[in-house]
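Good morning. I will take a few minutes to walk through one model, starting from a single residue and working outwards.

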Amino acid sequence: GWIIGAWDFSGDLTFVDPDTMEEKDLSGVSIRSARLRAMGEVGNYGYKLEFDFFDSERNLFLQQVDNLVDPDSSTDSFSGNASILDAYGQVNVADSFSLRLGNFRAPLLQSALMDRNRTLFIDRSVLGSTFANRTAGAMAYGDFEMVGWYLAVQNGVDGLADDYQFTGRITIDILGEGAGAMNEGAYNAGEETNLMIGAAFSDDGSLD
């Protein structure tokens, strides 16, 4: 697992003191992410179980810097509640074909699929954060040399109601080993030139 923290200073982003209700400059420590993870493979079977202990605290932090915090809310940096993120099992049916069942991210945007401790910057992009949420479902995926493919059917934003989220994604490694399997930008990338192109589509029946 990991802990990502920051000491933030800003004279532009103000913070509302819940005791005095005064606007003050932002200055203090925030825990952006604190995770515990277990994952592995046994033969053709694999699993992943990941907990985030500061997911709710991170949302509170964003609200505070935007002056949207409820004055009665706790501002303790260590008040986050544990939540389950990834929780799934998978089986490798063939060399280029695997099945996954459980709670996982939709295979849509590369910036959303990157693990939190491997992003180039301390926070995800706006689009990456928007599409990094998990929901339960099933996914088939694999790769044929340079081409990777993903097809997922998940519960979507309406949970167990009868509208599903369908997501499809295809990637092609043009140069080298591609440019995104385990790194974002040049962070943790090798010395060789890598290039990957991709396209994805997602539709949730409960959203317009």
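**From one strand residue to the sheet**

Start at Ala 87, which lies in strand β4. One thing to keep in mind throughout is that this is a predicted model. Is Ala 87 buried, exposed or in between? With a relative accessible area of 27%, Ala 87 is partly exposed, because that value falls between the 20% limit for buried and the 50% limit for exposed.

What does Ala 87 touch, if we set aside neighbours within four places in sequence? The contacts are Lys 48, Leu 49, Gly 102 and Asn 103. Take the last of these. Ala 87 and Asn 103 are 16 residues apart in sequence, and their C-alpha atoms are 5.0 Å apart in space.

So over to Asn 103, which lies in strand β5. Asn 103 has a relative accessible area of 19%, so it counts as buried; the cut-off is under 20%. The side chain of Asn 103 has a polar atom 3.0 Å from the backbone nitrogen of Ala 136. Beyond four places in sequence, Asn 103 touches eight residues that I will just read out: Ile 84, Leu 85, Asp 86, Ala 87, Tyr 88, Arg 134, Thr 135 and Ala 136.

Now the two strands themselves. β4 covers residues 83-94 and β5 covers residues 97-105. The two pair in the antiparallel sense, over 7 bridges. As for individual bridge partners, Gln 90 is matched with Arg 100 in β5.

Next on the list is Tyr 88. Again leaving out residues up to four places away in sequence, Tyr 88 touches Gly 46, Tyr 47, Lys 48, Arg 100, Leu 101, Gly 102, Asn 103 and Phe 104. Tyr 88 is also part of the largest nonpolar core. Which residues complete that core? They are Phe 104, Met 139, Tyr 141 and Ala 152, which brings the set to 5 residues in all.

Stepping back to the whole sheet: this is an open sheet of 9 strands, ordered β1-β2-β3-β4-β5-β6-β7-β8-β9, with antiparallel pairing. Why do β1 and β9 each have one side without a neighbour in the sheet? β1 (2-16) and β9 (195-204) stand at the edges and have a single partner strand each, so one side of each stays unpaired. From one strand to the next, the twist averages 15°.

Back inside the sheet, consider Asp 52 in strand β3, residues 45-52. Asp 52 is buried, at 3% relative accessible area. What does the side chain of Asp 52 join to through a polar contact? The partner is the side chain of Arg 35, at 2.7 Å. Asp 52 and Ser 83 are 31 residues apart along the chain, with 5.4 Å between their C-alpha atoms.

Last, two backbone angles. As background, most residues other than glycine have a negative phi. Met 21 is not a glycine, yet has a positive phi of about 60°. Met 21 sits in the loop between β1 and β2 (23-42), and is exposed, with a relative accessible area of 58%. Glu 145 also has a positive phi, about 55°, and is not a glycine. The position of Glu 145 is in the loop between β6 (134-144) and β7 (147-154). Glu 145 counts as exposed, at 78% relative accessibility.

That is the end of the walk-through.

How values were computed:
Residues are numbered from 1 along each chain as its sequence is written. This is a predicted model: local features need pLDDT of at least 70, side-chain atom pairs count only at pLDDT 80 or more; totals for chains, interfaces and linings use all residues. Side-chain values use heavy atoms; hydrogens and water are left out. Two strands pair if DSSP finds at least two bridges between them. Helices (H or I, at least four residues) and strands (E, at least two) are DSSP runs, numbered from the N terminus. Axes are lines fitted to C-alpha atoms, for helices over the stretch in contact, and angles run from 0 to 180 degrees between N-to-C directions. A nonpolar core is a set of buried Ala, Val, Leu, Ile, Met, Phe, Trp, Tyr and Cys residues joined through side-chain atoms within 4.5 Å. Buried means under 20% relative accessible area, exposed over 50%, partly exposed in between (1.4 Å probe, protein chains only). Contact means heavy atoms within 4.5 Å. A polar contact is a pair of N or O atoms within 3.5 Å; within protein, one must be able to donate a hydrogen and the other to accept it, and residues adjacent in sequence count only if both atoms are side-chain atoms.
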